[in-house]
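Me: I would like to go through this model and ask how its labels are justified. Please set each value against its cut-off.

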Amino acid sequence: MSREPGFRPHRVVVLALDGLLPFELGIPHRIFGRPKDARGRHLYDVVTCSVRPPGPVGTDADFTLHVAHGPEALATADTVIIPTSYELGPVIEQGVLTGELAAALTRIRPGTRLASICTGVYVLAAAGLLDGRPATTHWAHMAEQEAMSVRTFTRRFREEVGVSPGQWLTQQRVERARHLLESTGLSVDQVARDAGFGTAQSMRQHLQAVLGVTPTAYRRTFRAGGNEVGSGWVGSGWGGSGGTERHGAVGALS
């Protein structure tokens, strides 16, 4: 990107964590990578970095991504965005950062704008960056009503329900999507919107993870008279003994 004297685009640094969703990693680039001023200059400079030196970062798919920048890029950011990850581990389960993640976040300059996508908000909470500050998520209002911090609410919610608020919310959305696919003729895009997934791709990823089939395949099999798709899915898809937990609440930049 060319530079002109006296002009510096706003730098957005996207922190790519292991277990990321490739689609959501690309969201900041789609949003901030295109705007230009009247002279055709890019208003934002978007850079992706890792908590480690440049190299591969795992995804929730069967491939890795090569990230060209290490954590030092965080020190150059005007805005830092933390997308969704399915492998946050102690960040979600205990509300604490891993050593390398904590070290990376210390590089962020005071006054830098911070944002997250979906479960990335847990990173901000575990870092203490949300303490005493308003934050918009799909479940924060529940914590406010119970007069407790998001971190405490998340821990108690998991103790009572067995899954995180994000997992529970996704579970409800999957149930809603199943019902709509079974009982209506709505298009896959309409079902995704009505179920709260936002996009068909997001819904497809979640149904594939929980049920092992795409929305179209689920509808086709169900209407063919087979209700066997996803049988036993609650135990196998949402934790419990021997379960594989998936974190997938849909959230706005927050």
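Me: What makes the contact between the side chains of Arg178 and Glu175 a salt bridge?
Reply: In this predicted model, the N to O distance between the side chains of Arg178 and Glu175 is 3.2 Å. The cut-off is 4 Å between a side-chain nitrogen of Lys or Arg and a carboxyl oxygen of Asp or Glu. The pair is within that limit, so the contact counts as a salt bridge.

Me: Where do Arg178 and Glu175 lie?
Reply: Both are in helix H8, which covers residues 165–183. They are three residues apart, about one turn of the helix.

Me: Why is Arg178 called buried?
Reply: Its relative accessible area is 11%. Buried means under 20%, so Arg178 is buried.

Me: Why is Glu175 called partly exposed?
Reply: Glu175 has a relative accessible area of 37%. Partly exposed is the class between under 20% and over 50%, so Glu175 belongs there.

Me: How do you know that Arg11 and Asp45 form a salt bridge?
Reply: Their side chains meet at 2.8 Å, N to O. With the limit at 4 Å, the pair therefore qualifies.

Me: What does the pair of Arg11 and Asp45 tie together?
Reply: Arg11 is in strand S1 (residues 10–16) and Asp45 is in strand S2 (residues 44–50), so the salt bridge ties together parts that are 34 residues apart in sequence.

Me: Which class does each of the two get, buried or partly exposed?
Reply: Arg11 has 21% relative accessibility and counts as partly exposed, because buried requires under 20%. Asp45, at 10%, counts as buried.

Me: What makes Asp37 and Arg41 a salt bridge?
Reply: Their closest N and O atoms are 2.7 Å apart, and the limit is 4 Å, so the label applies. Asp37 and Arg41 are both buried.

Me: How many salt bridges does the structure hold?
Reply: There are seven. Salt bridges also link Arg8, Asp78 and Arg109 in a network.

Me: How do you know that strands S3 and S4 pair?
Reply: Strand S3 (residues 55–58) and strand S4 (residues 64–67) are joined by four bridges. Pairing takes at least two bridges, so these strands pair. They run antiparallel, and a hairpin joins them through five residues. Pro56 stands opposite His66 in S4.

Me: What share of the 254 residues is buried?
Reply: Buried residues make up 45% of the protein.

Note on methods:
Residues numbered from 1 in each chain as written. Predicted model: local features only at pLDDT ≥ 70, side-chain atom pairs only at ≥ 80, totals over all residues. Heavy atoms only, no water. Helix = DSSP H or I, 4+ residues; strand = E, 2+ residues; numbered from the N terminus. Buried < 20%, exposed > 50% of the residue type's maximum accessible area, 1.4 Å probe, protein only.
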